[in-house]
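Trainee: I have the sequence and the model open side by side. Can we walk through it with short questions?

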Amino acid sequence: MRAGYALGGDDRCIADARHHAIAFLDQAHNEHHLLVPDRARDLTQLVVSELVTNARKYAPGPVLMELRITPRIVEVVVWDSEPTVPAARPTDPGRIGQHGLEIVKAATEALLIEQEPVGKRITARIPLSDTTAPRREPAIPPGSTEVSA
């Protein structure tokens, strides 16, 4: 199952994205009988919030979000118009803000960043199991970058 969303350019798009994510997961559960544990729901909302916030903050123009779900994972895909690949900063407990990518890396099974002809696409994979799945090396398409934790 998958769904795509074009998010508005104002600050409401972040809350809208979280609402879309919950409605998507509810639909996956209700219509397709996929088990979506509370932890996966919470992590999906967190990842959506962080990725859309970063896109809204650092990229001019529209933000597109696609959600995908299988019996094993939820994928959150966010596209924005800024081609610069983000990098997680070194851990610094004294730093205020700019922890979003660190948070997303910690909450996901895999994080892929692909430069596009216009902008970039970030794909975060969240396991549906309540236990943390062991990290596996995903197949990385040419021209993309995996951000390791």
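Trainee: Which residue in strand 5 is the bridge partner of Val76?

Mentor: Keep in mind that this is a predicted model. Strand 3 and strand 5 pair in the antiparallel sense, over 8 bridges. In that pairing, the strand 5 residue bridged to Val76 is Ala124.

Trainee: Which residue stands opposite Ala124 when strand 4 is considered?

Mentor: Strand 4, residues 110-115, also runs antiparallel to strand 5, and 6 bridges join them. Ala124 therefore has a bridge partner in Val76 and a residue opposite it from another position in the chain. That residue is Leu111.

Trainee: How many of the residues of strand 5 are buried?

Mentor: Strand 5 pairs with strand 3 and is joined by bridges to strand 4. Buried means under 20% relative accessible area. Strand 5 is mostly covered, and of its 8 residues the buried number is 7.

Trainee: Which residue in the hairpin of strand 4 and strand 5 takes a positive phi?

Mentor: The hairpin has 4 residues between the strands. The phi in question is near 85°. The residue is Gly119.

Trainee: What packs against the buried residues of helix 3?

Mentor: Start with the buried set in helix 3: Gly100, Leu101, Val104, Lys105 and Ala107. Their packing partners are one helix and two strands. They are helix 2, strand 4 and strand 5.

Trainee: Which element gives the most to the lining of the largest pocket?

Mentor: The largest pocket holds about 480 Å³ of space. Of its 25 lining residues, the closest to the centre are Asn54, Tyr58, Pro86, Ala87 and Leu101. Helix 2, strand 3, helix 3 and strand 5 each supply at least two lining residues. The top contributor, with 7 residues, is helix 2.

Trainee: How many residues of that lining are nonpolar, polar and charged?

Mentor: Sort the lining of the largest pocket by class. Polar residues number 7, and charged residues number 7. The nonpolar count is 11.

Trainee: Why does Ser49 count as buried?

Mentor: Ser49 is found in helix 2. Beyond its neighbours within four places in sequence, Ser49 is in contact with Ile14 and Arg18. The cut-off for buried is under 20%. Ser49 counts as buried because its relative accessibility is 14%.

Trainee: Is Phe24 buried or exposed?

Mentor: Phe24 is found in helix 1, residues 12-32. Its contacts beyond four places in sequence include Met1, Tyr5, Leu67 and Ile69. Ala3 is another contact, and the C-alpha atoms of Phe24 and Ala3 are separated by 7.6 Å although they are 21 residues apart along the chain. With a relative accessible area of 1%, Phe24 is buried.

Trainee: In what order do the elements of the protein run?

Mentor: The secondary structure comes to 3 helices and 6 strands. Of contacts between residues at least 6 apart in sequence, 64% join residues at least 24 apart. From the N terminus on, the order is β-α-α-β-β-α-β-β-β.

Trainee: Over which residues is the pLDDT below 50?

Mentor: The protein averages a pLDDT of 87, and 87% of the residues score at least 70. One stretch falls below 50, with 14 contacts in the model beyond near neighbours in sequence. Where pLDDT is low, the predicted coordinates should not be read in detail. The stretch to treat that way is residues 132-139.

Terms used:
Residues are numbered from 1 along each chain as its sequence is written. This is a predicted model: local features need pLDDT of at least 70, side-chain atom pairs count only at pLDDT 80 or more; totals for chains, interfaces and linings use all residues. Side-chain values use heavy atoms; hydrogens and water are left out. On a 1 Å grid over the protein atoms alone, a cavity is a set of points where a 1.4 Å probe fits but cannot get out, and a pocket is an open set with protein on both sides within 12 Å along at least five of seven lines; lining residues have an atom within 4 Å of a point. Grid points are joined across faces, edges and corners, and a volume is the space filled by probe spheres set on the points. Ala, Val, Leu, Ile, Met, Phe, Trp, Tyr, Cys and Pro count as nonpolar, Asp, Glu, Lys and Arg as charged, and the others, Gly among them, as polar. pLDDT is the predictor's confidence in each residue, from 0 to 100. Contact means heavy atoms within 4.5 Å. Buried means under 20% relative accessible area, exposed over 50%, partly exposed in between (1.4 Å probe, protein chains only). Two strands pair if DSSP finds at least two bridges between them.
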